[in-house]
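Subject: Handing over the structure

Dear colleague,

Please find the structure below, together with its sequence, so that you can follow along as you read. After it come my notes on what was found.

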Amino acid sequence: MSSALPVPAPTDRDSADQDFAENAVADSDGPKGSPAAGAALAPPALLERLAAVEGMGPGRRRLVVLLPQLGDFDSLEYAQALASALPQLEAAGIALLAIGIGNQESLERFCAFTGFPKERLLVDPEPQLHQALGLYGGLRQVGGPWPNLLLMCAGIGSPGTLAEVLRGYTGDRSAPQRIADDETIQAGPLPPIQGSFFARAGGSGFLRPFELATVRLQNMAEVLGHWRTYVPRDDFLTQRGGTFLLEADDSLLYSHIDQGILGFSATMARPLSFLDPWLG
């Protein structure tokens with residue numbers, strides 16, 4: 001007899017989320033005052049929020065990222081990738097804004113660790129905008145947020161998570177190198193690791209075995225060492241995020257709705273590759 005827990009059947013909201021999950025609307029050279037014919041307008045709840053943020057109104061392209069809790073694996077890893085790409089975004093005229101779950105203390109620690117600019121991050125104590133946009137709230141099956149989070153880490157109600165965890169250990173020749181050969185990384189209880197260790201073990205110029213797992217262990221050690229700073233409340237541990245790229249006329253160029261842990265991009269080997277058509 002199997003002891004596996006049943007996965008809840010999809011709800012109407014789940015189906016709607018899936019329909020909305022991967023939108024790509026063609027770029028347009030049409031008038032900037034209104035969406036081009038056939039272009040989908042960005043969700044009203046998102047536009048309403050952006051209207052209250054200086055520099056995020058219509059008239060320029062905008063990349064808006066809804067992060068889970070700031071102490072989430074996805075939040076730190078995504079922010080680190082975005083921080084590295086900030087010069088390219090600025091050169092392309094794309095304004096960046098992230099909105100995560102936390103408070104001002106969370107924001108300060110998160111930005112200091114990830115290098116994400118504080119002026120480009122907003123925090124909400126509850127995921128009201130996430131919910132208004134229909135983002136996946138995560139597994140809600142038994143015992144509250146912690147048991148459900150652990151089940152999601154095991155791949156239940158979180159498609160792709162186990163494969164992505166495995167990729168962190170096995171490496172990926174299609175993904176870029178994460179740790180420079182002359183870099184020293186401190187990952188949790190492990191002794192300091194020289195980047196040259198990964199070069200000796202697997203080479204250079206691509207994601208080597210255990211390299212991404214080491215980066216994630218470093219992220220985890222940071223969060224667990226300052227848990228209540230990053231996660232003031234445990235209520236929303238399973239909440240997932242989403243990505244929205246808006247044209248200057250408020251039409252939607254691209255969107256991705258996270259379906260599970262370590263699923264903040266449709267192409268995790270190169271999580272920002274969706275931006276390639278607009279970075280030139």
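Ser75 counts as buried, because its relative accessibility is 0%, and I should say at once that this, like everything below, was computed from a predicted model. Ser75 belongs to helix 3, which covers residues 73-91, and its side chain reaches the backbone oxygen of Gln69 at a distance of 2.7 Å. Leaving aside residues up to four places away in sequence, Ser75 touches Leu67, Pro68, Gln69, Leu70 and Phe110.

Helix 3 also has a part in how the strands are connected, since the chain crosses from strand 2 through helix 3 to strand 3 in a β-α-β crossover that is right-handed. Strand 2 and strand 3 run parallel and are joined by seven bridges, and in one of these pairings Leu63 has Leu96 of strand 3 as its bridge partner.

How many of the residues of strand 3 are buried? Eight of the eight are, in a strand that spans residues 94-101, and strand 3 is therefore largely enclosed by the rest of the structure. When you look at the side chains, you will find that Ile94, Leu96, Ala98 and Gly100 point one way, while Ala95, Leu97, Ile99 and Ile101 point the other way, and that all of them are buried.

On the way to strand 4 the arrangement can be described in similar terms: strand 3 and strand 4 run parallel, with four bridges between them, and Ile101 stands opposite Asp124 of strand 4. Here the chain passes from strand 3 through helix 4, residues 104-114, to strand 4, and this β-α-β crossover is right-handed.

Asp124 brings us to the charged residues. Side chains of opposite charge can pair when their charged atoms come close, and a search of the whole structure finds 16 salt bridges. In one of them Asp124 pairs with Arg49, with 2.9 Å between the closest N and O atoms. Because Asp124 lies in strand 4 (residues 121-124) and Arg49 in helix 2 (residues 44-51), the pair ties together parts that are 75 residues apart in sequence. Asp124 is buried, at a relative accessible area of 12%, whereas Arg49 is partly exposed, at 22%.

A second salt bridge joins Asp72 to Arg240, where the closest N and O atoms are 2.5 Å apart. Asp72 lies in the loop between strand 2 (61-69) and helix 3, and Arg240 in the loop between helix 10 (227-230) and strand 7 (242-246), so this pair ties together parts that are 168 residues apart in sequence. Are these two residues buried or exposed? Both Asp72 and Arg240 are buried.

The side chains of Arg208 and Asp181 also meet in a salt bridge, at 3.9 Å from N to O. This pair links distant parts of the chain, 27 residues apart, with Arg208 in the loop between helix 8 (196-202) and helix 9 (211-225) and Asp181 in the loop between helix 7 (161-170) and strand 5 (184-185). Arg208 counts as buried, at 0% relative accessibility, while Asp181 is partly exposed, with a relative accessible area of 33%.

Finally, please look at Glu77, Glu164, Arg167, Asp172 and Arg216, which are linked in a network of salt bridges.

With best wishes

Methods:
Residues numbered from 1 in each chain as written. Predicted model: local features only at pLDDT ≥ 70, side-chain atom pairs only at ≥ 80, totals over all residues. Heavy atoms only, no water. Helix = DSSP H or I, 4+ residues; strand = E, 2+ residues; numbered from the N terminus. Buried < 20%, exposed > 50% of the residue type's maximum accessible area, 1.4 Å probe, protein only. Polar contact = N/O pair within 3.5 Å; in protein donor to acceptor, adjacent residues only side chain to side chain. Contact = heavy atoms within 4.5 Å. Salt bridge = Lys/Arg side-chain N within 4 Å of Asp/Glu carboxyl O. Pairing = 2+ DSSP bridges. Right-handed = clockwise from strand over helix to strand, strands pointing away.
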